[in-house]
Amino acid sequence: MSAVCGRFAPSPSGRMHLGNIFCALLAWLSARAAGGRFVLRIEDLDPQRCKPEYARLLEEDLSWLGLDWDEGGQRGGIHAPYYQSACGALYEAALQKISERARVYPCFCSRADLHAANAPHLSDGTVRYSGRCARLSPGEAEALRQTRRPALRVAVPQLEIAFHDLCRGAVKQDLAAECGDFILRRSDGGFAYQLAVVVDDARMGVTQVVRGGDLLSSTPRQIYLQRLLGLPEPHYAHAPLLVAQNGARLSKREQSLGMDALRACFSPEELTGWLAFLAGQQASPAPVSAGALAARFSWARVPRADIVVPQELTGQP
């Protein structure tokens, strides 16, 4: 077994759709092609949206496709817990460590404040924080704390983060100009995605992070936290997104591309064949098993641009 360890880390907020499975397949193939381990982590940080029944269904769907995992989910393993909802103490310890090495400050801004008309927007549509609460005096912050609970942000320096993406090539981001100070813990007390994934990837020994291209801009933030915490930096691969005929991103609300509908229309080999074709791993959508693909998988053949889902997969004429 090689030192490579990949992972799939879905959020159980609904039945998986074609885009989720596409990403899972690429992550699994990339790890298995290197003879590596594969971890299933359940990212259920949001208790309002994430449900145990969806976690069970996603394990069933992965097994149906032949995408096995060495640890995680209901299987467990030596790096438990694999459910983020059970990791609060680990995230709290990391937050304390970051606070000792960088400025972490309370932020009282509401969603409306953050989306004010003059707020600078980033290329992915998110808002770059203005640093408004970083300029509060201790007295001003204490007065605001009497009426609302703050989030916690980490201040970022003038620093360029650069890395090589297995799918996208060279990527770089100026943290201060293109990201701004970002949240580590929300005002409701929940820990932010950026902090949680950094802690979990490190403790699970993940060396390879494969996920959708919509998360590309978050990677420099995670690398910054890894450096603050003295953690290893995994290799990253941000896969193209699967989009609808009108160019819109797929969502779990699109029933025709949900796993229940897909399983009713395709065998595991048929669905895998289509995904392998879209990923550039074979010249046609001929049926194939995931295991047969692993031996010939290559990131060099995966497209960088988003991929329009063919009508044959949508159930439309």
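## A guided tour, from Ser63 to a small set of stops

Start by selecting Ser63, which you will find in helix 2 (residues 52-65). Keep in mind as you go that this is a predicted model. Is Ser63 buried, exposed or partly exposed? Its relative accessibility is 47%, so Ser63 counts as partly exposed. Now add Ser11 to your selection and draw a C-alpha to C-alpha distance: the two serines are 17 Å apart in space, with their positions 52 residues apart in sequence.

**Next stop: strand 1**

Select residues 5-8, which make up strand 1. Which residues lie on each of its faces? Cys5 and Arg7 are on one side, Gly6 and Phe8 are on the other, and all of them are buried, leaving both faces covered.

Now bring in the neighbours. Strand 2 (residues 37-40) runs parallel to strand 1, and 4 bridges join the two. To see one of these pairings, pick Phe8 and look across to Leu40, its bridge partner in strand 2. Strand 9 (residues 208-212) is also parallel to strand 1, joined to it by 2 bridges. Here, pick Gly6 and find Gln208 of strand 9 standing opposite.

Then show helix 1 (residues 18-33) together with strands 1 and 2: these three elements form a β-α-β unit, and its hand is right-handed.

**Next stop: the cysteines**

How many disulfides does a search of the whole structure find? The count is 0. Select Cys107 to see one case: the nearest cysteine sulfur belongs to Cys109 and is 3.9 Å away, and Cys107 is in no disulfide. A disulfide needs sulfur atoms within 2.5 Å, so a pair at that distance does not qualify. Cys107 counts as buried because its relative accessibility is 3%.

Move on to Cys109, which is in no disulfide either; its nearest cysteine sulfur is that of Cys133, at 3.7 Å. Cys109 is buried too, with a relative accessible area of 17%.

**Last stop: the cavity**

Searching the whole structure for cavities of 30 Å³ or more turns up 1. The space inside the largest cavity is about 30 Å³. To display its lining, select Val198, Asp201, Ala202, Val206, Gln226, Pro232 and Pro234. Which element gives the largest share of that lining? Helix 7 (residues 193-203) does, with 3 residues. Colour the lining by residue type and you will see 5 nonpolar residues, 1 polar and 1 charged.

Methods:
Residues are numbered from 1 along each chain as its sequence is written. This is a predicted model: local features need pLDDT of at least 70, side-chain atom pairs count only at pLDDT 80 or more; totals for chains, interfaces and linings use all residues. Side-chain values use heavy atoms; hydrogens and water are left out. On a 1 Å grid over the protein atoms alone, a cavity is a set of points where a 1.4 Å probe fits but cannot get out, and a pocket is an open set with protein on both sides within 12 Å along at least five of seven lines; lining residues have an atom within 4 Å of a point. Grid points are joined across faces, edges and corners, and a volume is the space filled by probe spheres set on the points. Helices (H or I, at least four residues) and strands (E, at least two) are DSSP runs, numbered from the N terminus. Ala, Val, Leu, Ile, Met, Phe, Trp, Tyr, Cys and Pro count as nonpolar, Asp, Glu, Lys and Arg as charged, and the others, Gly among them, as polar. Buried means under 20% relative accessible area, exposed over 50%, partly exposed in between (1.4 Å probe, protein chains only). Two strands pair if DSSP finds at least two bridges between them. A crossover is right-handed if, with the strands pointing away from the viewer, the path from the first strand over the helix to the second runs clockwise.
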